[in-house]
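Here are some short exercises to help you find your way around a new structure. Try each task by yourself before you read the solution.

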Amino acid sequence: MSTHATAEATELDEGETATFGMWVFLATEVLFFGVLFFAYVMTRLRYPEEFASAGRHTDLTLGSINTGVLLTSSLAIALAVRSVSLGAARAGAWLLVATLALGAVFLGLKSLEYWHDYTEHLVPWLDFAFAPPERNGAKLFFYLYFVMTGAHAVHLIIGLSLVGFMLVRLWRGRIDAASVAPLEVTALYWHLVDIIWIFLYPLLYLVSRT
Amino acid sequence: MKAASLRIYIGTWVALMVLFALTLASSFVPLHGFNTAVNVAIAVAKAALVALIFMRLRTSTALVRLAAVAGLAWLLILIGLSLTDFLSRY
Amino acid sequence: MNATSVSSPPAPEGVPTGDARPIEQSYLGAGSSLWSWLTTVDHKRIAILYAVAITAFFFLGGAAATLMRVELVTPRGDLVSAETYNKLFTAHGMIMVWFFLIPSIPTTFGNFLIPLMIGARDLAFPRLNLMSWYVYIAGACITVAALIAGGVDTGWTFYTPFSTMFSSSYVILAIAGVFVVGFSSILTGLNFIVTVHRLRAPGMTWFRLPLFVWAIYATSVILVLATPVLAMTLVLLLVERVLGIGIFDPALGGDPLLFQHLFWFYSHPAVYIMVLPAMGVASEVITCFAHKPVFGYRMMAYAILAIATIGFLVWGHHMFVSGQSVYAGATFSLLSYLVAIPSAIKVFNWTATLYKGSITFEAPMLYALGFVGLFMLGGLTGLFVAALALDVHLTDTYFVVAHFHYIMVGGSVMAYFAAIHYWWPKITGRCYSEGWARFAAVIIFVGFNLTFFPQFLLGAGGMPRRYHEYAPEFQLLNVLSSAGASILAAGYLLPLLYLPWSLRFGARASGNPWDARGLEWQTASPPPVENFETPPVVPERPYDYRPQAAAAEGGA
């Protein structure tokens with residue numbers, strides 16, 4: 001039986017293609033960060049006491065506030081996508097601004113936290129405070145802390161750039177209810193950054209608080 | 001393209017906040033090694049909420065859901081098979 | 001080419017075959033400036049951009065190998081110092097793995113053919129495709145910079161703690177280059193996955209796809225799932241080297257084996273990235289020149305998926321003697337035997353495809369048959385090193401070197417050459433010289449076996465790899481191997497002569513010079529920019545060849 005190649009894909013189809021593509025990309029990000037989770041698991045299995053001892057020195061207050069901030073930013077961007085796809089571009093724009101603001105708050109608090117970590121001599125390669133016998137294990141914990149939160153922060157900055165870019169396109173009318181796919185995939189990326197933090201939080205901040 | 005209701009999004013956020021409070025509070029309760037398990041379980045629940053509701057996996061095609069779990073499944077292979085080494089060495 | 005071969009009956013009624021129109025009206029003629037090439041989003045042009053780049057790297061990696069083989073003619077290290085030799089085999093490995101083999105078939109033939117084979121106009125994300133090429137070039141530049149600056153001596157495997165703490169070579173620059181090129185892989189794989197799922201022409205169901213598409217699809221899944229692990233592992237290596245602190249450092253209580261688990265979690269699937277596309281090519285070429293449908297199409301497709309999946313479960317077989325627990329070793333050994341099964345199924349099915357076919361021996365077929373035989377030998381020797389007890393003796397010897405070169409070179413590179421010759425008329429619109437091509441194929445086959453078979457014997461005899469000098473009793477086999485290498489090099493240089501010659505003086509090719517099946521043969525050679533002027537006809541069955549009719553026609 002003879003068949004014909006399709007004509008142009010509809011907007012709906014293109015949105016689904018873009019979404020599928022972004023999910024494939026998110027799978028690569030899960031594996032990218034997964035290496036760090038793997039390293040954490042293997043190292044903590046070896047040095048449970050050192051991790052517990054070192055884990056008490058992360059800033060629970062700032063880390064917890066940041067967790068709330070990111071969860072709320074996910075709500076904001078999810079609502080932004082919803083607004084735009086319902087035709088409420090203005091509301092969507094303000095929600096994107098909220099997302100950006102919350103992301104900026106996160107980065108600000110994270111920077112403050114890094115500063116505190118530095119002044120408290122928790123940076124393994126700069127005058128590290130811990131004494132033997134926990135010194136080595138604590139070094140490994142804080143090494144992972146900085147690499148994991150650092151990698152997360154880099155991805156957050158990328159996410160903020162994408163959100164900002166989408167805000168501009170929304171403002172210029174290039175994104176609307178009929179062509180919301182770029183915003184949708186940006187939101188997916190943002191949510192992944194949130195999910196990574198959801199796992200980082202207990203592993204880095206709730207290690208041994210009793 | 002089907003937009004979920006506002007209530008579902010807000011409700012999910014509330015649930016996330018509750019779980020967040022739960023994980024924080026439970027960390028102060030001495031559960032002798034179960035703290036970590038509880039915290040990870042709560043993190044999984046939070047991630048599932050974000051993925052299913054905010055990322056709309058609940059209403060996605062099977063293909064998209066497959067892509068969504070593939071990364072996690074492969075990460076578990078990496079960790080799981082490596083544990084056959086790390087757990088049996090000493 | 002039709003004059004010297006048995007011709008199949010023409011394709012069924014109503015199926016367009018594409019006639020020979022001026023090349024200027026094809027994708028090759030759409031813009032002739034360098035700028036038009038460097039800013040193209042046409043998957044066919046991007047394929048050629050990649051082909052030029054990886055060919056350059058093939059010969060660069062080959063140059064490193066040449067110097068190594070010249071050094072190894074004599075037992076004493078008299079041509080280069082030990083440090084230089086270390087840099088040579090590292091360069092050879094890095095270049096051949098990341099800048100030649102991993103991209104080779106997917107970025108050239110995958111890019112060119114996937115849209116054609118599924119009846120689409122282009123890939124799902126054409127601009128991302130071009131970006132993949134630029135990312136590849138960026139990674140290539142960084143790596144070449146590392147080589148020019150003085151090279152790296154850790155081996156392509158970058159094992160810690162040597163790479164993090166003791167090597168005084170340009171490790172950071174080298175791993176930066178590999179890190180960057182990894183993203184090219186990821187983006188290409190992503191593009192192919194989405195394309196095959198979303199852009200198939202109506203009627204082109206999964207089980208009507210050519211096996212080449214299945215192979216590239218499975219390869220893309222591996223690319224997407226494995227490469228990110230390498231990327232972050234290299235980041236960890238870099239951070240540890242710069243800061244002097246890290247999880248791979250035994251002095252801190254870290255574990256060098258963490259690196260090896262992470263590295264091989266990527267690098268073992270990477271070898272399937274290198275061989276699955278070659279298997280896809282073999283299925284296309286063997287069916288065409290046996291004039292017979294592939295034997296066991298579904299099993300072939302499932303075997304491809306099985307290889308890709310099980311291939312992720314066997315990485316620990318690279319670490320049998322590294323200090324891994326013996327229980328993990330046993331687990332990985334058992335899993336490694338499992339992965340041999342789908343590979344064997346494929347070899348059986350190719351053989352069964354040949355059985356009672358009307359076989360002709362054009363150059364692509366010579367290369368494809370060489371692929372099957374040499375891949376089989378390489379695979380069988382894999383069973384040796386997958387056995388824990390045998391591997392204790394064979395690991396880090398030339399036995400392993402010979403094993404993987406039989407698969408990578410005897411297998412993948414031969415399949416790459418099969419693909420070049422099979423699709424050359426489609427891509428360029430020209431016919432190459434069949435006589436010279438067959439001659440080169442034979443030279444390559446002889447040269448390859450003379451180079452690498454002695455290495456099995458060297459390895460079993462105890463000669464270690466990665467040494468620039470060796471015990472005198474190994475000299476004869478080393479001389480044979482180096483002699484073979486010179487023949488192999490000559491064989492590889494021949495296509496550099498007759499292929500460009502054909503661009504100018506070769507006969508114009510028709511749309512379907514091989515009377516092959518597959519949608520790519522239903523359009524002109526070379527194809528127009530939009531791939532199909534009239535929508536292609538999706539056949540009910542793939543590989544709809546008829547060997548009896550072919551035999552009757554040819555009167556062989």
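**Exercise 1.** How many residue pairs are in polar contact between chain B and chain C, with both residues at pLDDT 80 or more?

*Solution.* Keep in mind that this is a predicted model. Step one: the count between chain B and chain C is 4 residue pairs in polar contact. Step two: look at the kinds of residue on the side of chain B that touches chain C, which divide into 7 nonpolar, 4 polar and 2 charged. Step three: turn to salt bridges, where the count between chain B and chain C is 1. The side chains that meet in a salt bridge are those of B:Arg89 and C:Asp255, at 3.1 Å from N to O.

**Exercise 2.** Work out how much area chain B and chain C bury between them, and which residues of chain B lose the most area to chain C.

*Solution.* Start with the residues that take part: 13 come from chain B and 20 from chain C. Next comes the area, as the size of an interface is often given as the accessible area lost when the parts come together. Chain B and chain C bury about 1400 Å² between them, and 77% of it lies on carbon and sulfur atoms. In chain B, the most area is lost by B:Trp74, B:Leu78 and B:Leu81, which together make up 41% of what that side buries.

**Exercise 3.** Explain why C:Cys288 is not bonded to the closest cysteine sulfur.

*Solution.* First recall that a disulfide is a covalent bond between the sulfur atoms of two cysteines. The cut-off for such a pair is 2.5 Å. Now find the closest cysteine sulfur to that of C:Cys288: it belongs to C:Cys431 and is 13 Å away, so the two are too far apart for a bond. Over all chains, the count comes to 0 disulfides. As for its surroundings, C:Cys288 is buried, with a relative accessible area of 0%.

**Exercise 4.** Is C:Pro115 buried or exposed?

*Solution.* Begin by locating C:Pro115 in helix α4 of chain C, residues 104–118. Its relative accessible area is 0%, so C:Pro115 is buried. Then see what C:Pro115 touches beyond its neighbours within four places in sequence: its contacts include C:His43, C:Leu123, C:Asn531 and C:Phe532.

**Exercise 5.** Why is helix α2 of chain A largely enclosed by the rest of the structure?

*Solution.* Helix α2 of chain A covers residues 48–55, and 6 of its 8 residues are buried, so it is largely enclosed. Among the buried ones are A:Glu50, A:Phe51 and A:Gly55.

Methods
Residues numbered from 1 in each chain as written. Chains lettered and ligands numbered in written order. Predicted model: local features only at pLDDT ≥ 70, side-chain atom pairs only at ≥ 80, totals over all residues. Heavy atoms only, no water. Contact = heavy atoms within 4.5 Å. Buried area = accessible area lost by both parts, 1.4 Å probe. Salt bridge = Lys/Arg side-chain N within 4 Å of Asp/Glu carboxyl O. Polar contact = N/O pair within 3.5 Å; in protein donor to acceptor, adjacent residues only side chain to side chain. Nonpolar A, V, L, I, M, F, W, Y, C, P; charged D, E, K, R; others polar. Buried < 20%, exposed > 50% of the residue type's maximum accessible area, 1.4 Å probe, protein only. Helix = DSSP H or I, 4+ residues; strand = E, 2+ residues; numbered from the N terminus.
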